[in-house]
Amino acid sequence: MILWDLCKFIGFVTVATALYRTFIWYVLPLIVKRPPEYYINRYGKDSYVVVTGASDGIGKGYCEVFARLGFNIVLIARNQTKTETVAKDVASRYKVKTKVIVADFVKSYEKDFYQRISEQVKSLDVSILVNNVGAANLKLVADTPEQSCVDVTIVNTLPIVMMTKLLLPQLQARKQRSAIIQVSSVSVVCPMPTATVYGATKIFDDYFGVALAMEISDKVDVQVVRPGPVNTNMTVEEIRQYALPPTKFVEDSLKHLGLIVESYGNWGHATMALISALIPTWIMGPLTMYSLRKKAAAEKKGQ
């Protein structure tokens with residue numbers, strides 16, 4: 001009898017969880033209609049959004065969308081020319097102020113790295129931090145160069161902690177609400193060969209963001225986004241045709257900001273996550289490895 005009651009309870013929790021996720025990922029974005037001025041009213045007129053990895057991909061998408069909404073933008077990236085081009089473009093199109101900070105997060109372990117960034121933003125009214133900077137090397141661990149393993153681990157983990165630590169006092173001291181957006185990945189749902197190092201670092205980001213939300217929700221909205229395929233420099237060619245434009249992903253994910261912590265942004269990415277979660281790793285792993293071997297054999301044959 002006790003066993004039967006336990007099974008019923010587990011079944012109830014499973015169904016309730018599935019219904020809850022269906023509601024927040026599919027229904028809620030359709031119900032909630034926010035006018036463009038909502039974000040400025042919530043987070044503050046003339047305030048700044050700090051975006052790491054701002055010169056390309058999702059980071060550039062956040063710069064464009066937040067500038068369109070009326071926010072000033074601080075762009076942090078390693079390529080000065082590309083970052084200044086993005087800054088000039090959004091400033092010209094949306095009539096906002098921009099500031100470029102050149103920083104290579106591969107070297108973010110160096111002494112005073114974050115202090116140099118702090119000196120350039122401490123006088124600004126920063127309302128939103130977008131921890132977006134990331135790196136990937138989608139290879140089997142045995143085939144991945146040692147330095148690449150080091151670089152991916154540093155870039156995908158250290159900045160998300162230290163940029164948050166750096167700006168949190170400013171964000172919490174504001175009279176209006178603030179926000180921190182942590183860019184994780186749909187890869188956290190299911191372990192995947194070739195995404196071994198990348199996926200593990202994104203699980204770190206995911207955990208950090210969700211736990212952080214519990215600590216600071218009284219003053220700061222925290223959102224952990226888990227994008228699926230988005231058309232960026234890190235997107236593999238085989239799935240590029242299915243990838244969302246960065247600005248589309250950002251627009252969709254911002255519908256959840258301040259409402260829920262964990263978000264896949266787009267309904268298609270949420271569906272991908274649900275399907276991936278249903279496939280056991282003992283099936284997914286061998287299938288992926290078979291596909292990789294087949295692709296490698298075809299490439300070798302074509303040489």
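**Exercise 1.** Does Ser253 count as buried or exposed, and what is its relative accessibility? Place Ser253 in the secondary structure and list its contacts.

*Solution.* The model under study is predicted.
1. The relative accessibility of Ser253 is 0%.
2. Buried means under 20% relative accessible area, so Ser253 counts as buried.
3. Ser253 belongs to helix H8, which covers residues 246-254.
4. With residues up to four places away in sequence not counted, Ser253 touches Tyr62, Gln223, Val225 and Gly265.

**Exercise 2.** Determine how many aromatic pairs the structure holds, and classify the geometry of the pair formed by Tyr38 and Tyr39.

*Solution.*
1. There are five aromatic pairs in the structure.
2. For Tyr38 and Tyr39, the distance is 5.2 Å centre to centre, and the angle between the planes is 90 degrees.
3. Ring centres must lie within 6.5 Å for a pair, and planes over 60 degrees apart count as edge-to-face. The pair of Tyr38 and Tyr39 is therefore edge-to-face.
4. Tyr38 has 23% relative accessibility and so counts as partly exposed.
5. Tyr39, at 7% relative accessibility, counts as buried.

**Exercise 3.** Apply the same analysis to Phe66 and Phe71, then identify the cluster to which these rings belong.

*Solution.*
1. The ring centres of Phe66 and Phe71 are 5.4 Å apart, and their planes stand at 90 degrees.
2. The pair is edge-to-face because its planes are at 90 degrees, and an angle over 60 degrees meets that criterion.
3. Phe66 is buried at 0% relative accessibility. Phe71 is also buried, its relative accessible area being 0%.
4. Tyr62, Phe66 and Phe71 are linked by ring pairs into a cluster. Tyr62 is one of the residues that Ser253 touches, which connects this exercise with the opening one.

**Exercise 4.** Describe the backbone phi of Asp46 and of Asp112, and give the location and accessibility class of each residue.

*Solution.*
1. Asp46 is not a glycine, yet its phi is positive, at about 65 degrees.
2. The loop that holds Asp46 runs between helix H2 (37-43) and strand S1 (48-52).
3. The relative accessible area of Asp46 is 51%. Exposed means over 50%, so Asp46 is exposed.
4. Asp112, a residue other than glycine, likewise has a positive phi, near 70 degrees.
5. Asp112 lies in the loop between strand S3 (98-102) and helix H5 (113-121).
6. With a relative accessible area of 44%, Asp112 is partly exposed.

Conventions: Residues are numbered from 1 along each chain as its sequence is written. This is a predicted model: local features need pLDDT of at least 70, side-chain atom pairs count only at pLDDT 80 or more; totals for chains, interfaces and linings use all residues. Side-chain values use heavy atoms; hydrogens and water are left out. Rings of Phe, Tyr and Trp (its six-membered ring) pair if their centres lie within 6.5 Å; planes under 30 degrees apart count as stacked, over 60 as edge-to-face and the rest as tilted. Buried means under 20% relative accessible area, exposed over 50%, partly exposed in between (1.4 Å probe, protein chains only). Helices (H or I, at least four residues) and strands (E, at least two) are DSSP runs, numbered from the N terminus. Contact means heavy atoms within 4.5 Å.
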